[in-house]
Amino acid sequence: MKFGFLKIIRKYAILIVLIVLILVFSVLSPAFATFNNAMNVVRQISMMGIVTVGFTFILLGGGLDLSVGSQMAVMNVVVAMLIRDLDLNPVLAILIGIAMTTAIGWFNGFAISKTGIPPLIATLAMQTALRGASFILSKGRPVYGVPDSIKFIGQGYILGIIPIPGVILAVVIAFGIILLNKTYLGRHFYALGSNPEATRLSGINIHFTRTMTYTLNGFLTGIAALVMMTRVGSGQPNAADGFEMNVLTAAVLGGVSINGGKGSITGAMVGAVIIGVLNNGMSICGANDYWQKVITGLVLFVVVVLDSLSQAKRKDS
Amino acid sequence: MTDTMEIVLSMQHISKHYVGIQALDDVSVDFRKGEVHALIGENGAGKSTLIKMISGAEVPDSGKLVFGDREFDKMTPHLAQNMGVATIYQEFNLFPTLTVAENIYMGDEMVSDDSPRFYHKNRYLEKAKEVLDRVNIAVRPGDYVEDMTTAKMQLVEIAKAVARDARILIMDEPTAPLSTKETEYLFELIGTLKRQGVTIIYISHRLEELYRIADRLTIMRDGRKILTSDTKEISRKELIRHMANREVEEIDFVSDAERGKVILEVKNVSGNGLHDISFCVHAGEIFGLGGLLGAGRTELARLLFGADRMESGQLLMDGKEILVKSPNQAVSLGIAYVPEDRKHHGALLTLPISWNITLPILKRISFRGFIRKKEERQIVEAQRDNLRIKASGMEQNVNSLSGGNQQKVVLAKWLASSPRLLILDEPTRGVDVNAKQEIYQLIGEFARQGMAIIFISSEMEELLNISDRMMVLNEKKIAGFLEKEEYSQNRVLAMASGLT
């Protein structure tokens, strides 16, 4: 009986953490537990949540992509410039932007799978290069001129109360859950992360599978970048700096293993909400950005240690 | 002459029991100063366990080790080193990114006289040079180990032993990775060491070379010592008889499937170290693949399955040429492979049983990318009943199962794909007796269904009982074929040892 109780505690530990956090912030600041602030949190976490879904695919397959933040920045700059300088149809510009991040994701996956270089290094290189490119393209200045006609994507509401980014997030979550639970591709992601060689020897094309995790992540990162651009109203070359850390922390916090093969979208989303609530609560309580970085870093450290410990324990038993 | 009879190590009444196996049973052996003493026996005869007792890697349950006038109940690696024991395993114990000199003196740090905080590179090189010259080893002390050939690395291992003044040098299959020329060089070196009074305990499957270098030999079988003899006084034939003559385990198995038409024909295949392999397998036939460790059985299986690339040769399935460039293609052609290394290559341990079973056919049972869950469940349940997989549920992770049940999951995974050719690489390794019997019955059942089966096993009884026909490999080449009527342990072992 006691064992069962502990098991339940462990299973829902992450939800309990979330509830405790909400209670603490509610006590600390009356402005926290309000409907408006809740919608605020939804808007804030929507971008992170969308990328977390793609990032979960990659982590499940045993990979990593540190270039998501830079992908978003370069997408924002390019799309804004296409509209401003070439006077392109905004919808077409957006499609080009999303196609671009998808292609970047594909390239990451392809290069990692074919050459066997560690994903950490490959995508760190990509992160740096893309960040540099977005500064070069924009000459280091924000690119204004995002037309009002598309700003509703980042700023609008459905039925007057539900933020559109939240709706997009919901659609992306549904996509992620269906892909992982209902399709063979999703199942192959788990298999790849669990044991790549056994998966290959089961007749699965693991290059394709691995490349798909990165490609889908690139696609979803493009969608998150769209939300970001239309919310800010410009293309900022320094946008989404350090974004990958938030996303990684959210996913691992939500039980997605950094060693691959284990985790779920729902878990990762709870992780994303915790990071969102933590950041929102801290700013409401007056902690500045720098403190938020310190806290996020510590949280990432702790959850990765816990993940490794539980892995080691499983190997022993 | 009396000098050479001096006993440097006497092992007395050593026994060791592991769960389920008596690895060593009251073994007593004496090793003399300056002799090359070969330990021979089949896989699992207890040779490795015995040398682990000397090197301190394992401790005996009972018995003692006597080094000259000192007696011990057990060794530790450190103690063994103090007693002058050095062991060269097949897997070398070297630091690839360091130099030869640094490897030789790893652990014995040398510092310069004037400044004890800094290590003295030149002294390493000088001392290493002395050691290498003493036994005439042609390796430069400043070379990096990672740039060397396997043969040279082995020489560095020997130099390490010389530098520590080893009196007993244990070598486990030292010639396995060497070319003929390198082997000659090694034998010369062994001669030099011998003259300097070093005792060499030599494990090898290559009986031919024992007659060249071993002064005496000890034959082991099933954890017991059969005899120790001067090499000159025992014939090859006797040697093989002693090695093979074990109590034959009863295997309740009759292969009664009818041999149908040729499913797979292998023509002059080379690659993965193998040379010019040709054979064919029929429907309903259990085709055995025999040979010693490293003979190339797994390498051949991996070529057929597309896990490694063929260099030349042809594969024909049903008389038509096929190209197998990846496991993916092999699976779509109806070839299945149950690998030797279940934990790393066979099962996905952290995933549910059901996911493991349907992995190769997931795409086949999907519609527009969506898995047909009902069909999946039916397949999993059918395989569970078929193979009698014992688990609380099919959603249980594979790592929570026993070895036998894990292996059944791997078998189930391939049966679900209804293959035409099933390659089984050591399918009963690490599996308990009952599960073994069940697996044999299943193999018989597959053959009756008309599957062509390639059966690889290091267990002689199993190989002789289960297979209908056999090909024996020796050093990555065909040593010969045997029909069922011609089967005997002696013949297989003779072929596998290259004594045809």
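Helices and strands here are DSSP runs, with at least four residues for a helix and at least two for a strand, numbered from the N terminus. Keep in mind that this is a predicted model.

Q: How many helices and strands does chain A have?
A: Going by those DSSP runs, you can tally up the elements of chain A. The tally is 14 helices and two strands.

Q: What is the radius of gyration of chain A, and why does it agree with a compact globule?
A: The C-alpha trace of chain A spans about 65 × 55 × 35 Å along its principal axes. For 317 residues, a compact globule would come out near 20 Å. Chain A agrees with that because its own radius of gyration is 20 Å.

Q: What percentage of the residues of chain A count as buried?
A: A residue needs to be under 20% relative accessible area to make the cut. Of the 317 residues in chain A, the buried part is 54%.

Q: How many residues of chain B are in contact with chain A, and what area is buried between the two?
A: On the chain A side, 22 residues take part, and they touch 30 residues of chain B. Carbon and sulfur atoms give 58% of the buried area. That area is about 2,200 Å².

Q: Which residue of chain A meets B:Glu376 in a salt bridge?
A: Between chain A and chain B the count is two salt bridges. In one of them, nitrogen and oxygen sit 2.8 Å apart, well inside the 4 Å cut-off. The side chain that meets B:Glu376 there is A:Arg187.

Q: Which helix gives the largest share of the side of chain A that touches chain B?
A: Helices H8 (164-182), H9 (184-194) and H10 (196-200) of chain A each give two or more residues to that side. The largest share is six residues, and it comes from H9(A).

Q: Is B:Ser418 buried or exposed?
A: B:Ser418 is in the loop between helix H14 (403-415) and strand E19 (421-425) of chain B. Its phi is near 35°, a positive value in a residue other than glycine. Most residues other than glycine have a negative phi. With 55% relative accessibility, B:Ser418 counts as exposed.

Q: Is B:Glu426 buried or exposed?
A: B:Glu426 lies in the loop between E19 and helix H15 (433-448) of chain B. Phi of B:Glu426 is positive too, near 50°. Its relative accessibility is 5%, so B:Glu426 counts as buried.

Note on methods
Residues numbered from 1 in each chain as written. Chains lettered and ligands numbered in written order. Predicted model: local features only at pLDDT ≥ 70, side-chain atom pairs only at ≥ 80, totals over all residues. Heavy atoms only, no water. Contact = heavy atoms within 4.5 Å. Buried area = accessible area lost by both parts, 1.4 Å probe. Rg over C-alpha atoms; globule rule 2.2 N^0.38 Å. Buried < 20%, exposed > 50% of the residue type's maximum accessible area, 1.4 Å probe, protein only.
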